[in-house]
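User: I am new to this structure and should like to understand the terms that describe it. Please show it to me first.

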Amino acid sequence: MKRLLALLLLALPASAQDRRSGFEDMARETQAMQRDDMQNPGMLWVAEGEDRFNRDCTACHSEASMRGVAARYPAWDEATGAPIDLAGRISACVERHQRVAPPARESQPLLALTAYVAHQSRGLPISRPSDPRLAPALEQGRALYGERRGQLDLSCVQCHDDNAGRRLAGSTIPQAHPTGYPLYRLEWQGVGSLQRRLRGCMTGVRSEPFAYGAAEYVALELFLNDRAAGMLLETPAVRP
Amino acid sequence: MARVLINVPRSARRGDVITIRTLIQHTMETGYRPNAQGDVMPRDIIRRFTCTYDGAVVFSAELSPAIAANPFLSFTTVATSSGTVTMTWEGDNGFAQTETRAIEVT
C-alpha cells in the first residue's frame, strides 16, 4: 500500500506536490496592497457589487448564502445541460429570474457582482469538481491545457508546469492557480476575470483566443480548479 | 459619483498623529494612449486632491498623468479638535467629488 502511494506521488507533476499561489511570487509591496482591504483597489469593485447585490438579488439570495459558492464553480447548469462558470451563472440568473438583458462579459456590473460573490468565499478552499456530469468538460480542459497553440506553438504546460518559478523576461512564471479571480491586475489598471487572463496568454502565444463565455474557457477553468483544489480563495487578489 | 474607500479614525486623543487613507475609483486616462481604433484618447485625470480638517487645509496633492488608476493617498495629521475632515478630488471633465468624515477628539 505504502509503495503504491509513493508511486502515485511520483506520478504526479511537481506542481501538484508543491503548489504556490501567484501571491507568493509577487513583490512585497504588491502583497501588502492585496492584504490590506483599504489599499486593495479590488475592494472598490466588491463594494459596487455589494450595492448591486443588495438592490437586485436579496429577494432570493442572502449574503450568508453566497459563502462558499465561488469555491465550487464552474458547476453543472441544469437549464442548459452544460458546465457554467460563476460569471455565467450570475448573468443567467439575471436573464432567467429578473427577466432583463444580462450584463455583458467583462462589463463593470458583472465583474463587480462576481467579485462581491467570490469575495464571500475568501479564505475557503477551492473544492474539487465532483459532479460526474462535469467529467467530459474536465477532460476537455485537461486536453486544452496540454495542447500546443498559436504561432509560438506553446501549451500551458510548457510554461506553467515545466518552467513555473523561472523567469519569462522580467516576470516570474506563476503556476497558474486561479485562486483570486476576479482580480485587480496592475497591468490592466482594473478588475478582470480569469477568462480575460486566459485570453492574455492565448494572444501571447499568438493564437486566436476564444470568445468570452466560450465552452472552452469554462472547461479550462474547470481543469484549473481541479488542479488548484484545496488552495484558498483570495478574491479580490492583486497581481502585477 | 466615483466610489471611494476612506479610512479616518472615528476618535482620537488630542495631540495624536492620525493617518488618513483614501482610495478613489478613477481611470486616470493619461491622454497618451491610443484606443482600439488608433485614436489618442483624451486626458481624463484627477488633477488635485485637498483635505481640510476643521476648515484648514492639512494636505493637498497635485496629480499627474503618470499616476496609476484608482489613486491611493495616505497622509498624517495631528488630531487637534473634534470636527469634520473634508476630502475633495477635482479633475478633468468637471470631475469633482467631496467626502466628509467626522472625527471625535477627546
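Analyst: The following exchange sets values from this structure against the definitions of the terms.

User: What should be known about the model and its numbering?

Analyst: This is a predicted model, in which local features need pLDDT of at least 70 and side-chain atom pairs count only at pLDDT 80 or more, while totals for chains, interfaces and linings use all residues. Residues are numbered from 1 along each chain as its sequence is written, chains are lettered from A and ligands numbered from 1 in the order in which they are written, and side-chain values use heavy atoms, with hydrogens and water left out.

User: What makes the elements of chain B strands, and how many are there?

Analyst: Helices (H or I, at least four residues) and strands (E, at least two) are DSSP runs, numbered from the N terminus. By that rule chain B has 8 strands and 0 helices, and its pattern along the sequence reads β-β-β-β-β-β-β-β. The C-alpha atoms of chain B fill a box of roughly 60 × 20 × 20 Å along the principal axes.

User: Why is Thr30(B) called buried?

Analyst: Buried means under 20% relative accessible area, exposed over 50%, and partly exposed in between (1.4 Å probe, protein chains only). Thr30(B) has a relative accessible area of 19%, so the residue counts as buried. Thr30(B) lies in the loop between β3 and β4 (46-53) of chain B. Of the 106 residues in chain B, 42% are buried.

User: Which residues does Thr30(B) touch?

Analyst: Contact means heavy atoms within 4.5 Å. Not counting residues up to four places away in sequence, Thr30(B) touches Arg43(B) and Pro65(B). Across chain B, among contacts between residues at least 6 apart in sequence, 59% join residues at least 24 apart.

User: What makes the approach of Thr30(B) to Tyr32(B) a polar contact?

Analyst: A polar contact is a pair of N or O atoms within 3.5 Å; within protein, one must be able to donate a hydrogen and the other to accept it, and residues adjacent in sequence count only if both atoms are side-chain atoms. The side chain of Thr30(B) reaches the backbone nitrogen of Tyr32(B) at 3.1 Å.

User: How do you know that the helix α5(A) has the expected span?

Analyst: The expected span of a helix is 1.5 Å times one less than its number of residues. For the 12 residues of α5(A) (residues 86-97) this gives 16 Å, and the end C-alpha atoms are 16 Å apart, so the two agree. Buried residues of α5(A) include Leu86(A), Ile90(A) and Val94(A). Among the elements that cover the buried residues are β2 (82-84) and α6 (108-119) of chain A. Just after α5(A), Arg99(A) takes a positive phi of about 55°.

User: How does helix α10(A) fare by the rule for span?

Analyst: The 13 residues of α10(A) (residues 215-227) should span 18 Å, and the end C-alpha atoms are 18 Å apart, so α10(A) agrees with the rule. This helix is mostly covered, with 11 of its 13 residues buried.

User: Why does Asn225(A) count as buried?

Analyst: The relative accessibility of Asn225(A) is 7%, and therefore this residue counts as buried. Asn225(A) is found in helix α10 of chain A. Leaving aside neighbours within four places in sequence, Asn225(A) is in contact with Tyr73(A), Pro74(A), Ile126(A) and Pro178(A).

User: Why is Ser121(A) placed in the buried class?

Analyst: Ser121(A) has 0% relative accessibility, so the residue counts as buried. Ser121(A) is found in the loop between α6 and α7 (135-146) of chain A. The side chain of Ser121(A) reaches the backbone nitrogen of Ala70(A) at 3.4 Å. Beyond its neighbours within four places in sequence, the contacts of Ser121(A) include Met66(A), Gly68(A) and Leu233(A).

User: What area do chain B and chain A bury between them?

Analyst: Buried area is the accessible area (1.4 Å probe) that two parts lose on being put together, summed over both. Chain B and chain A bury about 1,100 Å² between them, 60% of it on carbon and sulfur atoms. Arg3(B), Leu5(B) and Gln25(B) supply 46% of the area that chain B buries against chain A, more than any other three residues. In this interface, 14 residues of chain B are in contact with 15 residues of chain A.

User: What makes the meeting of Asp36(A) and Arg21(B) a salt bridge?

Analyst: A salt bridge is a side-chain nitrogen of Lys or Arg within 4 Å of a carboxyl oxygen of Asp or Glu. The side chains of Asp36(A) and Arg21(B) meet at 2.6 Å, N to O, in a salt bridge. The rule finds 2 salt bridges across the interface of chain B and chain A.
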